[in-house]
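Here are my comments on the two-chain model, set out as numbered points for discussion at the bench.

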Amino acid sequence: MVKARAADRIFFGLSFGSATLIIVILAAVALFLIIQAVPAIAANWKDTPSLAEGPTAGYDSFWTYVGPLVFGTLFASAIALVIGAPIAIGIALFISHYAPRRVAGVLGYLIDLLAAVPSIVFGLWGIIVIRPLLLPLSGFLNQNFGWIPLFGGQVSTVGSTILAGAVVLAVMILPIISSISREIFLQTPRLNEEAALALGATKWEMIRLAVLPYARSGVVSATLLGLGRALGETMAIALIISPSIIVSLRILTEGENSQTIAANIALNFQIADGLQRQALIGTGLMLFVISLAVNLVARFIVARTAPGASRKSGGKRRPPEGVTLPSATSALESTGRPATDTQHEGARA
Amino acid sequence: MTTSVGSRLRPPQGPITNTLTTGQLPKFIELYVIAGALLIVGGVMALMSAFSVGGWVFLSVVLYLVALGVLSSLAENRRRATDRIVRSLVFIAFLLAVAPLVSTLVTVTVKGIGQLNWAFISTTGGSVFDPDTLAVTVSHGALQAVVGTLEITGIAAVMSVPIGILTAIYLVEYAQAGQWVARTVTFLVDVMTGIPSIVAGLFAFSLFTLIVGPKAFSGFSASVALSVLMIPIVVRSCEEMLRLVPHDLREASFALGVSRFSTITRIVLPTAIAGIITGVMIAIARVIGETAPIFMAASFTDNFNANPFSGPMQTLPVLAYTGYKFPGQDIAASNASAWGAALLLVIIVVILNIIARIIAKAFAPKGAR
């Protein structure tokens with residue numbers, strides 16, 4: 001008995017220690033980035049010789065260096081979101097409400113496979129498939145809509161544009177947005193849906209009346225999580241775009257592409273030295289802060305408006321309202337479905 | 001609609017109209033319309049000799065949507081027309097997601113298959129400079145990258161799997177609901193899933209610069225970076241799996257006087273083990289393809305380096321990246337190596353996913369199938 005108690009205490013200590021270790025790790029991430037970044041942020045860039053050459057040449061201060069990069073990061077992610085979010089929500093609707101029940105699971109798995117493809121592979125794919133694919137479109141947009149700042153400028157002939165990068169980013173954020181949206185669409189109270197159909201609504205009207213209002217906040221936060229993913233994506237942008245550190249709205253040009261923080265670090269980190277590297281770490285700190293903010297806003301929206309705050313109830317239809325279940329624990333019992341799909345979502349959420 | 005009382009009295013003349021389906025377009029109208037649209041647009045583009053596959057598909061889809069809308073609002077009504085158009089749009093969205101997936105896999109396979117053979121996996125690649133003859137010999141090979149990937153990911157898994165599982169056990173089995181440690185940890189795990197991968201790499205680099213000095217590149221440092229990305233994934237999936245274990249089992253065990261430790265190790269974990277292994281597999285598959293953090297923390301090299309604690313280490317994703325971005329003298333050969341590495345990486349990821357799937361299927365609780 002005594003022995004069992006000792007094992008008990010040790011085991012509790014281990015698991016409690018692991019849990020607190022997570023707090024320590026996250027604190028360490030922030031701390032070490034700050035320690036490394038502060039010298040570069042605080043330095044006077046004009047009078048520091050090592051900052052006046054290499055990737056950081058020609059900037060007055062850290063803030064004039066990081067400013068355009070922050071803009072480029074947000075801009076590329078915004079384009080990716082504009083392209084990707086509607087498609088992702090469409091996919092989620094297709095799988096949750098249109099596809100035949102029997103194949104819906106397989107189709108969902110297919111979309112989740114997109115998340116399994118390494119980002120470097122998407123980057124290479126973007127170089128040889130997306131770049132040429134977009135050339136006719138960018139030529140057309142540039143000729144006919146060149147007066148819109150977005151499409152203006154000297155159109156690229158090889159396609160290393162921010163548009164191509166953003167299209168690849170859009171593909172990469174599809175699975176995260178669509179899997180979370182799908183979960184939430186599936187949680188729509190069955191009775192609401194059937195009531196709408198019984199009143200003679202078409203399928204789309206039912207979705208508009210019953211599903212979308214119910215799922216709105218969830219879809220918004222899914223989109224924000226997708227944005228968080230897009231902000232940090234490095235390789236697709238680094239491989240595809242031919243960048244310059246400027247604030248430019250043009251998305252079809254060769255030399256006037258705004259650079260993103262992550263790609264800038266990836267391209268320059270190995271050739272930078274000492275203080276320059278610290279400057280790059282400083283931009284990384286900015287990226288950390290931005291994506292943290294986006295994620296926090298997303299989580300906040302989920303926490304505030306989630307129906308029953310069932311973040312991980314696992315994508316099965318909830319029982320009709322009025323039947324209250326203790327917690328997510330009941331997801332398995334209530335549906336009797338295998339846990340594997342749930343598991344999947346958990347890894348992505 | 002038009003069947004009146006009179007027509008019921010007299011024997012019907014001509015074909016009987018089915019009142020349930022009148023006022024509706026035929027069943028497979030969508031297929032007819034898309035076929036028509038493809039033909040028309042293709043014909044027009046061929047006549048104007050301005051044919052391109054992308055334009056053809058795009059214009060056909062536009063024509064299809066317009067035609068379907070017009071037909072449906074003429075034969076049916078506006079609500080039906082909207083419904084049909086939305087249905088088509090949703091389906092198109094799905095195709096738009098499948099197309100890149102298929103295209104990516106096909107591209108990688110086609111480009112990489114010629115490169116991928118046993119020699120590629122089993123020889124060290126890179127350019128070797130011979131000081132006597134001044135000749136540079138370039139050999140293809142990814143052995144150093146394969147070894148690096150396996151070591152770095154393996155060490156990352158060894159570090160993060162126990163931490164992840166133990167944290168999940170704490171959250172599910174020990175923590176009281178609403179307790180501040182549990183709430184903080186849950187929140188921070190959420191935050192950790194949002195850390196950009198490159199920031200994890202910068203963190204590892206910063207950490208090791210402070211410990212070992214400026215030349216901090218090492219495989220172990222990359223493992224630390226990957227762990228930062230992997231721990232939250234493992235925690236999340238294990239937490240989910242543990243919560244699925246029915247409370248009845250735990251309570252039955254407690255009622256028999258079994259200690260908490262034994263309950264967890266003998267009852268809860270065996271019940272959830274399939275899901276936990278699946279989650280770990282998927283987490284590994286997820287981080288094995290990470291490029292940016294490894295590139296930051298382990299840098300890249302052509303030399304064979306099997307010691308994870310000192311010196312730069314090559315990995316498959318980084319080989320794919322550097323082969324394209326910083327090619328050697330023989331650009332075509334570098335690019336080919338990049339594709340070979342990418343294909344190898346995809347194959348590893350697919351295998352890991354399949355294993356995860358099989359384990360999940362094979363060990364799923366019997367009653368839940």
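1. Two residues are taken to be in contact if their C-beta atoms, placed from the backbone, lie within 7 Å. On that basis, among contacts in chain B between residues at least 6 apart in sequence, 70% join residues at least 24 apart, and for chain A, with the corresponding limits, the share is 78%. Please keep in mind throughout that this is a predicted model.

2. As for the make-up of the chains, chain A has 349 residues, of which 52% count as buried, and its secondary structure comes to 12 helices and two strands. Read along the sequence, these elements of chain A follow the pattern α-α-α-α-α-α-α-α-β-β-α-α-α-α. Chain B has 369 residues, of which 43% count as buried, and it contains 14 helices and two strands.

3. Between the chains, 85 residues of chain A are in contact with 92 residues of chain B. On the chain A side, the largest share of the touching residues, 20 of them, comes from helix 1 (residues 2-42) of chain A. By class, that side of chain A is made up of 59 nonpolar, 19 polar and seven charged residues.

4. The largest nonpolar core holds 194 residues, and those that touch the most other members are I91(A), L124(A), F203(B), A320(B) and A342(B). Leaving aside residues up to four places away in sequence, F203(B) touches V29(A), F32(A) and L33(A) in chain A, and A225(B) and V228(B) in chain B. A second core, separate from the largest one, has five residues, including V33(B), A37(B), Y64(B) and L68(B).

5. F203(B) also takes part in a helix pair within chain B, since it is among the residues of helix 8 of chain B that make the contact with helix 9 of chain B. The axes of helix 8 (residues 197-212) of chain B and helix 9 (residues 219-244) of chain B come within 8 Å and cross at roughly 135 degrees, which means that helix 8 of chain B is oblique to helix 9 of chain B. The crossing of these two helices is right-handed. From helix 9 of chain B, the contributing residues include A222(B), A225(B), V228(B) and L229(B), and the contact as a whole divides into 11 nonpolar, three polar and no charged residues.

6. Helix 9 of chain B also packs against helix 11 (residues 260-288) of chain B, where the axes come within 8 Å and cross at roughly 150 degrees. Angles over 145 degrees count as roughly antiparallel, and helix 9 of chain B and helix 11 of chain B are therefore described in that way. Here too the crossing is right-handed. L229(B), I233(B) and M241(B) are among the residues of helix 9 of chain B in this contact, and they meet a set in helix 11 of chain B that includes G275(B), G279(B) and R286(B). By class, the contact has 15 nonpolar, three polar and one charged residues.

7. In chain A, the axes of helix 6 (residues 190-198) and helix 7 (residues 203-232) come within 9 Å and cross at roughly 145 degrees, and helix 6 of chain A passes helix 7 of chain A in a right-handed crossing. N192(A), E193(A), A196(A) and L197(A) of helix 6 of chain A meet E205(A), M206(A), L209(A), A210(A) and V211(A) of helix 7 of chain A. This contact comprises six nonpolar, one polar and two charged residues.

Note on methods:
Residues are numbered from 1 along each chain as its sequence is written. Chains are lettered from A and ligands numbered from 1 in the order in which they are written. This is a predicted model: local features need pLDDT of at least 70, side-chain atom pairs count only at pLDDT 80 or more; totals for chains, interfaces and linings use all residues. Helices (H or I, at least four residues) and strands (E, at least two) are DSSP runs, numbered from the N terminus. Ala, Val, Leu, Ile, Met, Phe, Trp, Tyr, Cys and Pro count as nonpolar, Asp, Glu, Lys and Arg as charged, and the others, Gly among them, as polar. A residue is buried if 20 or more other C-beta atoms lie within 10 Å of its own, exposed if 12 or fewer, and partly exposed in between; C-beta atoms are placed from the backbone. Axes are lines fitted to C-alpha atoms, for helices over the stretch in contact, and angles run from 0 to 180 degrees between N-to-C directions. Angles under 35 degrees count as roughly parallel, over 145 as roughly antiparallel, 65 to 115 as roughly perpendicular and the rest as oblique. A crossing is left-handed if the near helix is turned anticlockwise from the far one by less than a right angle, and right-handed if clockwise. A nonpolar core is a set of buried Ala, Val, Leu, Ile, Met, Phe, Trp, Tyr and Cys residues joined through C-beta atoms within 7 Å.
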